[in-house]
Amino acid sequence: MQHWFIDRQSLALPNWLEAMPEARLLARAQGAAAIGPGILWFRQHSGEAVAAVLPPGQPAAGQHRILLSDEPDEKTVLEALAAGAAGCCNSYAAPEVLQQVALVVGNGGLWVGQSLLSRIMGGSARILERQRQAAPVDDWSALLSEREIEVARLVAGAASNKEIARQLDISERTVKAHLTSIFDKLGLRDRLQLSLRINGLVL
């Protein structure tokens, strides 16, 4: 999948190019209308409004937008999602994090920060508990292998791919392969949906 990094000038941070060496650079003034399918990464500098960075309207067919924010917070993430972005992360995130974001978004999922995810999970705790008591048990584990169950539970505990690989003594590539299989078997799109499913909200 083609990646485009769009900033005030057609310059890239080192972590961007390390994550996506084949990515193309584009100055914001050039506009993104003529870009074809792929993932478009828009950088938001400190003090800039989300609306000034992301183009108006929804992405074209085959395109996914991600906001790279120098100072991301929950408000920025929510504004980015409302403006049609599929995710938001720190401009200076480690290359492996950017690759993980690209994997989730490229598969049709949404990427939100850990603090917002924690708030969603925390705010839903009582609802989830009532659903656990009132609804039949969702035996999602019956569809997965023993190793996939381990990976899924670690994801539900907010572990990163690197942390999962270290805990299970496997490679990050193997973790990604397990996640792809888990998403396919459970009919889910991303880590957020998986976390909600395992924590009791049947999707």
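Which residue in β4 does Trp41 stand opposite? In this predicted model, the residue that stands opposite Trp41 is Ile66 in β4, a placement that belongs to the pairing of strand β3 with strand β4 (residues 63-69), which runs in the parallel sense over 7 bridges. Strand β3, spanning residues 38-44, also pairs with strand β1 (residues 3-7), again in the parallel sense, here over 4 bridges, and Trp4 stands opposite Leu40 of β3. Strand β3 thus has both β1 and β4 as parallel partners, and with regard to solvent it is mostly covered, with 7 of its 7 residues buried.

Apart from the strands, the internal space of the model was examined. The structure holds 1 cavity of 30 Å³ or more, and about 70 Å³ of space lies in the largest cavity. The lining of the largest cavity is made up of Gln100, Leu103, Val104, Asn107, Asn161, Lys176, Leu179, Thr180, Phe183 and Arg191, and, when these residues are sorted by class, 4 are nonpolar, 4 are polar and 2 are charged.

With respect to the helices, α4 (95-106) and α9 (172-186) each supply at least two residues of this lining, and the largest share, amounting to 4 residues, comes from α9. Among the other residues that line the largest cavity are Asn161 and Arg191.

Notes. Residues numbered from 1 in each chain as written. Predicted model: local features only at pLDDT ≥ 70, side-chain atom pairs only at ≥ 80, totals over all residues. Heavy atoms only, no water. 1 Å grid on protein atoms, 1.4 Å probe; cavity = no way out; pocket = protein on both sides within 12 Å on 5 of 7 lines; lining within 4 Å. Points joined across faces, edges and corners; volume = space filled by probe spheres on them. Nonpolar A, V, L, I, M, F, W, Y, C, P; charged D, E, K, R; others polar. Buried < 20%, exposed > 50% of the residue type's maximum accessible area, 1.4 Å probe, protein only. Pairing = 2+ DSSP bridges.
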